[in-house]
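Work through the exercises below with the model at hand. Try each task before reading its solution.

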Amino acid sequence: MANLNKLVQKCNAASQMSIANLNRLVKKCSAASHMKQVQAHLTTTGRLRSRFCPVRSKLIELYALSPLPHLPHQAHSLFRQIDNPSTNDFNAILRGLAASSQPAAAISWFHRMLRRSHKIDALTCSFVLKACARVLAWQETLQVHSQVVRCGFAADALLGTTLLDVYAKVGDIGSARMVFDEMPVRDIASWNALIAGLAQGNFAREAIELFKRMRAESLFRPNEVTVLGALSACSHLGALKEGEKIHQYIKDEKLDANVIVCNAVIDMYAKCGFVDKAFVVFDSIKCKKSLITWNTMVMAFAMHGHGAKALEIFEQMGQAYVKPDAVSYLAALCACNHAGLVDDGVRLFNSMSENGVNPNMKHYGSVVDLLGRAGRLQEAYDIVKSMPMVPDVVLWQTLLGTCQIYGNVEIAEIASRELVEMGSNNCGDFVLLSNVYAAHERWKDVRRVRDAMKNRDVKKVPAFSYIEVDGVINKFFTGDKSHARWREIYEKLDEIRFRIKEYGYVAGTSYVLHDIGEEDKENALCYHSEKLAVAFGLISTSEGTSIQVFKNLRICGDCHFVIKLVSKIYNREIIVRDRVRFHRFEEGSCSCKDYW
DNA sequence: CTAGGGTTAG
């Protein structure tokens, strides 16, 4: 800073500043006052209005990217003083807009440039593409892509990587792959962008395949960024074996000096069902733990229903002088939720504001769930009414979900009405309300809800489960008969149904309504996807080994009950990862203690 | 030296 001030003084003293000095000065500018001085100099020397002036462009960029509230505006007023803005000047503005709170404005600027025949270069495209990614503008991405081709920038490796990354981010994986395949020159970032794009775009299998291909046939050694994409894919799939291999690679290559990589390893182990392994990595970490490291570990214990351990980690982070943020509180609340620690959760929630973290919608959702599941529905509803923000769809769904557990008709009706008014067309919402009525044997109301569903053409997310056996993913939908061994699976299910009756099993009738619209409702319950996956696990793995199943939605109550009995009768540990947490079934009971 | 790929979340 002392150097900079000296430089500024020197520049002010001299009537003529050399271009080199100006360049040095503008690059070191951080304070608004320095930028103003450079601007003053440009104005007095007349350079401001000239055709081409890199220092001026750099200054516009500094203004445009500044986090200080008034400076981006300054960039625009400076730009307007230029008679003939260069491409660099346009790019500076574009870059600033792309990173601003209105990235769509960057897209408008780009179109204005094209309309007025201003020359664009690869950077122009790069910045506007960033904006496309932020507003998820697929159509615009296509348009920029065609400009890239038209202008002859298609061979630019950096721009190609940006393009494929943006395609992946706006959800067009096909185009992302196509850009990758057609790139004449690829470098490590190109591979990384596609691996991460596949992992985040529901193509986790393909991400892992590409990771293997990269190791086998490319010249590049996977680096920190590569393994992050690959680990994220393993987390999504729950692919422990692949995850362990990547972890070994990370240790071999000493990539675990990077805290972000360590965080992803912890997360991977937790999401693959092995919270102990996650904790070993957390505990023996060599680099400095970041806030996210702590949050990931709290969340990991929370997901597995280890409430006390999660809260212990949460406490420890305070002792390590790491200040909990909104995610930390959410993770801790989530832990209380999954472990039924109601009082701890409420205390935590109430302590947030005094610790400088304002509860957001997710915190409210979590505490409403916590109170609701504990049967304190009125308190939960009171919190919803007293919230400083407008409750969203998920919050009402949470409240409605807890009403089902306790058969609370009044609050269920309120929540349902709100959901309908908000235009929610979710099958599950109707089913929940109908279940509440069914619990009170109010069949007329049940029929009314069912009719409403028919008339509205409600959307239903299809449930599926999968299980990996010998490296092959076996995926099942409800009542699925597409598996090569489906007959054996259904025979096994019949056997299970017969054997659990000895333990007093009666089909959970209220859950039957989950399958409204199916031909055979009772059978639909018997053939839920998680039951199919467990049955397949039983017939395809050796006796006594653990069975791991993944479900895209939450586990159904009937399946939960059946799988508990299966774990006892067949003497198997069965681990089910549902949409939000793990259930570990052993000897007839579940790690969630029937609370989830 | 004006660009590209990255971790936690009801």
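A residue counts as near a strand of DNA if its C-beta atom, placed from the backbone, lies within 6 Å of that strand. The model is predicted.

**Exercise 1. The surface near the DNA**

Task: Find which residues come nearest to DNA strand B, and how the surface near that strand divides by residue class.

Solution:
- Step 1. Collect the residues around DNA strand B: there are 52.
- Step 2. Pick out those that come nearest: Ala-189, Asn-192, Asn-263, Asn-295 and Gly-365.
- Step 3. Sort the surface by class: 25 residues are nonpolar, 18 polar and 9 charged.

**Exercise 2. The setting of Gly-365**

Task: Place Gly-365 in its helix. Then decide: is Gly-365 buried or exposed, and why?

Solution:
- Step 1. Gly-365 sits in helix α22, residues 361–373.
- Step 2. Count the neighbours: 24 other C-beta atoms lie within 10 Å of Gly-365.
- Step 3. Apply the cut-off: a residue is buried if 20 or more other C-beta atoms lie within 10 Å of its own. Gly-365 is therefore buried, with its count of 24.
- Step 4. List the contacts, leaving out residues up to four places away in sequence: Gly-365 touches Val-394, Leu-395 and Thr-398.
- Step 5. Compare sequence and space for one pair. Gly-365 and Cys-334 are 31 residues apart in sequence, and their C-alpha atoms are 9.9 Å apart.

**Exercise 3. The sheet**

Task: Give the strand order of the open sheet and name its edge strands. Then find what lies across the sheet strands.

Solution:
- Step 1. Six strands, "6 strands" in the assignment, run in the order β2-β1-β3-β4-β5-β6, with mixed pairing.
- Step 2. The edges are β2 (472–477) and β6 (589–590), each of which pairs on one side only.
- Step 3. Check one pairing: β1 (residues 464–469) and β3 (residues 547–551) are antiparallel, over 2 bridges. Tyr-466 has Phe-550 in β3 as its bridge partner.
- Step 4. Add the helix: α31 (residues 529–540) lies across β1, β2, β3 and β4 (574–577). Helix α31 runs at about 15° to β1.

**Exercise 4. The whole chain**

Task: Describe chain A by its domains, secondary structure and extent.

Solution:
- Step 1. Chain A is divided into domain 1 (201–288), domain 2 (386–460) and domain 3 (464–590).
- Step 2. The C-alpha centres of domain 2 and domain 3 are 27 Å apart.
- Step 3. Chain A has 32 helices and 6 strands.
- Step 4. Its C-alpha trace spans about 95 × 55 × 55 Å along the principal axes.
- Step 5. Of the 596 residues in chain A, 45% are buried.

Methods. Residues are numbered from 1 along each chain as its sequence is written. Chains are lettered from A and ligands numbered from 1 in the order in which they are written. This is a predicted model: local features need pLDDT of at least 70, side-chain atom pairs count only at pLDDT 80 or more; totals for chains, interfaces and linings use all residues. Domain bounds come from an automatic or database domain assignment. Ala, Val, Leu, Ile, Met, Phe, Trp, Tyr, Cys and Pro count as nonpolar, Asp, Glu, Lys and Arg as charged, and the others, Gly among them, as polar. Two strands pair if DSSP finds at least two bridges between them. Helices (H or I, at least four residues) and strands (E, at least two) are DSSP runs, numbered from the N terminus. Two residues are in contact if their C-beta atoms, placed from the backbone, lie within 7 Å. Axes are lines fitted to C-alpha atoms, for helices over the stretch in contact, and angles run from 0 to 180 degrees between N-to-C directions. A residue is buried if 20 or more other C-beta atoms lie within 10 Å of its own, exposed if 12 or fewer, and partly exposed in between; C-beta atoms are placed from the backbone.
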